[in-house]
Every structure is written in structure tokens, then in C-alpha cells.
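Colleague: Please take one part of this model and go through it closely. I would like the strand pairing, then the side chains.

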Amino acid sequence: MSTQTLTQLDALESEGIHIMREVAGEFERPVLLFSGGKDSIVMLHLARKAFWPSAVPFTLMHVDTGHNFPEVIEYRDRVVEQHGLRLVVASVQDAIDDGRVAERADGSRNALQTVPLLDGIIANKFDAVFGGGRRDEEKARAKERVFSLRDEFGQWDPRRQRPELWDLYNGRHKLGEHVRVFPLSNWTELDVWRYIERENIELPSIYYTHDREVFLRDGMWIAPGEWGGPKPSETLEVRTVRYRTVGDMSCTGAVESYASTVPEVIAEVAASRLTERGATRADDRASEAAMEDRKREGYF
């Protein structure tokens with residue numbers, strides 16, 4: 001009798017599907033954060049596989065900064081309609097209009113996502129929230145468990161996190177608390193791209209090479225937008241670029257690239273010595289503890 005050995009991607013997929021089924025069994029109102037970025041797209045793909053031929057039993061939620069790349073919003077809405085999914089949008093602009101948060105002087109809204117995220121969780125009574133965070137992205141994310149307990153204020157305390165042995169996950173929580181769940185914790189950026197290639201998953205076009213007007217700020221190529229860039233001292237020019245990650249336009253940098261296919265992107269990522277967030281996210285450059293501070297406040 002022949003034995004079949006699981007590949008690394010098979011093992012990661014199996015783990016992700018197992019985590020999603022555990023959440024469906026343990027929690028009453030899970031939600032999957034869906035931004036139209038590659039990690040959330042892979043999470044949705046895993047969810048569709050986990051419960052096929054039934055529908056995905058999770059609501060989707062997008063924390064919308066209002067400074068999104070148009071290609072990504074078009075993709076998000078098309079996928080939601082195509083698969084008959086329910087989407088909840090938590091709006092940063094609404095939070096600004098209501099006075100719950102204040103616009104920043106630099107125009108960036110990435111750091112303003114925490115309040116609408118927590119408000120959306122509370123308003124919809126979500127008790128488990130799927131996020132696409134991976135341990136290779138940033139130091140603070142490497143501390144996360146797969147099931148990450150958050151208190152009644154949505155805050156993260158590393159001392160309250162539970163051991164996770166033998167793929168056993170403890171979803172116990174008190175009324176008002178919730179659990180953040182990270183099915184891609186053990187994936188790397190390269191794993192994500194290899195899985196996208198194997199599963200033939202469609203992504204927004206900005207992940208591949210294209211010509212775009214950008215300007216240079218703090219060593220990153222930033223696209224102009226309604227948020228206020230560029231400054232008078234910054235010059236717009238057309239560059240051949242692509243995006244490694246998707247976020248608020250004001251703080252997400254493009255990388256110069258001619259990678260137009262998934263295999264070409266894989267080769268490029270394999271050769272890179274910078275994480276995608278370290279290379280292209282200005283908000284994570286603010287300080288060594290920037291992400292950990294935001295996690296303690298309730299962000300992912």
C-alpha cells in the first residue's frame with residue numbers, strides 16, 4: 001500500500017481548514033475580515049473549501065479607511081456578489097463624521113481603523129474575528145496565538161494568551177470578550193503566493209506590474225489621492241510598480257517591479273530580504289513598538 005506525503009502547502013491548507021471548522025463549532029457569530037488583500041482572499045478561499053458545498057457560514061467585514069485603491073474595492077464588491085456573501089463595512093469616515101476619531105494631520109487613516117473595527121464587532125455581536133495576520137510579517141505579530149483572546153475593550157494582553165498544544169484551541173471567553181483568529185499564522189508571504197499559484201486564485205490587478213503615478217516619500221513610492229499627497233516639494237512621476245500589500249493609500253508603498261505573473265512574483269519574493277510590511281508600510285516604521293502599541297489598543 002502506497003502512502004501519500006503531504007506537501008507543505010497541503011499541511012498549511014489542512015491546518016487553516018481545521019481552524020475555520022473549529023471556530024464554526026465553538027462560536028456563535030464569527031466574522032471574517034476581508035479587505036480585498038491577498039491574505040484575506042486566501043482566508044476566504046480556505047473558508048469556501050472548508051464548508052463546500054454549503055455556503056460560507058461567516059459574515060465578511062471590511063474596515064474601510066475611505067482611502068482605498070479603486071482596484072481593490074472593485075474586486076471586493078465583485079467577489080461578494082459572485083459568491084453570495086454578506087459584507088459589513090465599518091467606515092473610518094463615519095467615525096470621523098460622528099466625532100469618534102479625529103483626522104490626522106498627515107492624512108493617514110490606517111491608525112484610525114481601531115475604533116470602527118471595535119464598534120463593528122460590538123454592534124454585530126461578533127465573538128470570533130478572523131484576521132489574515134502572519135507571524136513573518138512583523139515582530140509583534142510573532143507573539144500571537146492562533147486564538148488570541150481580547151478583553152471587553154478589544155485589547156490584547158500577552159499574559160492572558162493560552163498555550164496551544166497538539167492543535168487544540170481554547171475559544172472560551174467571557175461575555176463582552178471576543179477572540180481574534182489567525183488561520184494563516186504559520187504561513188509566510190512566499191507560502192501565500194505559492195498557494196495562490198496552486199489554487200489559481202484571482203487577485204486585484206495592483207499585485208502585478210503596472211504603470212502608476214507615484215511620488216517618493218521616506219524611501220517609498222506612494223500613490224497620490226484625496227488624502228492629501230503629494231506635498232508641494234514632492235514630484236509626481238510615472239513608475240512601473242506593483243504592490244506587495246494592500247492598505248491605506250497614504251501609507252502603503254509600491255515597489256518597482258516587472259513581475260506580471262504569479263511565478264514572476266514568487267521569484268521576486270523569494271529573492272527579497274525585506275518583509276512586505278517593512279518594505280511598504282510607513283505606519284509600521286513609526287517606531288519599533290508601533291504595531292504592538294496598536295494591538296494593545298485593539299487593532300490586529
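Modeller: A residue is called buried here if its relative accessible area is under 20%, exposed if it is over 50%, and partly exposed in between. Keep those cut-offs in mind. Also note that this is a predicted model.

A quick overview comes before the sheet. The chain has 300 residues, and 55% of them are buried. Its secondary structure comes to 9 helices and 10 strands. Take the contacts with a separation of 6 or more: 72% of them join residues 24 or more positions apart.

Now the sheet. It is open and has 6 strands. Read across, the order is β3-β2-β1-β4-β6-β5, with mixed pairing. Two strands sit at the edges, β3 and β5, and each pairs on one side only. From one strand to the next, the twist averages 30°. As a reminder, strands of a sheet pair through backbone hydrogen bonds, either parallel or antiparallel.

Look closely at the β3 end. Strand β2 covers residues 59-64, and strand β3 covers residues 87-91. The two pair in the parallel sense over 5 bridges. You can find two of the partners by eye. H62 has V89 as its bridge partner in β3. D64 has S91 as its bridge partner in β3. How does the chain get from β2 to β3? It passes through helix α3, residues 70-82. This β-α-β crossover is right-handed.

Another helix packs on the sheet: α5, residues 114-123. It touches β1 (30-33), β2, β3, β4 and β6 (178-181). The direction of α5 makes about 155° with that of β2.

Next, the aromatic side chains. There are 7 aromatic pairs in the model. Take F51 and F58. Their ring centres are 5.5 Å apart and the planes stand at 90°, so this pair is edge-to-face. Both F51 and F58 are buried. The pair is also part of a cluster: ring pairs link F51, F58 and F130. Now turn to W187 and Y195. Here the centres are 5.2 Å apart, again with planes at 90°, so this pair is edge-to-face as well. W187 and Y195 are both buried too, by the under 20% cut-off.

Then there is a charged side chain to check. R134 lies in the loop between β4 (128-130) and β5 (147-150). Is R134 buried or exposed? Its relative accessible area is 1%. The cut-off for buried is under 20%, so R134 counts as buried. Its side chain has polar partners. One is the side chain of D39, at 2.9 Å. Another is the side chain of D136, also at 2.9 Å.

Finish with a loop glycine. G225 is found between β8 (220-222) and β9 (237-242). Its relative accessibility is 29%. That falls between the 20% and 50% cut-offs, so G225 is partly exposed. Which residue should you look for across from G225? Try S250, 25 residues away along the chain. The C-alpha atoms of G225 and S250 are separated by 7.6 Å.

To retrace the path on screen, start at the edge strand β3. Step to β2 along the parallel pairing. Then look for α5 packed on the sheet. After that, pick out the F51, F58 and F130 cluster. End at R134 with its contacts to D39 and D136.

Key:
Residues numbered from 1 in each chain as written. Predicted model: local features only at pLDDT ≥ 70, side-chain atom pairs only at ≥ 80, totals over all residues. Heavy atoms only, no water. Phe/Tyr/Trp six-rings, centres within 6.5 Å; stacked < 30°, edge-to-face > 60°. Buried < 20%, exposed > 50% of the residue type's maximum accessible area, 1.4 Å probe, protein only. Helix = DSSP H or I, 4+ residues; strand = E, 2+ residues; numbered from the N terminus. Polar contact = N/O pair within 3.5 Å; in protein donor to acceptor, adjacent residues only side chain to side chain. Pairing = 2+ DSSP bridges. Right-handed = clockwise from strand over helix to strand, strands pointing away. Axes fitted to C-alpha atoms, helices over the stretch in contact; angles between N-to-C directions. Contact = heavy atoms within 4.5 Å.
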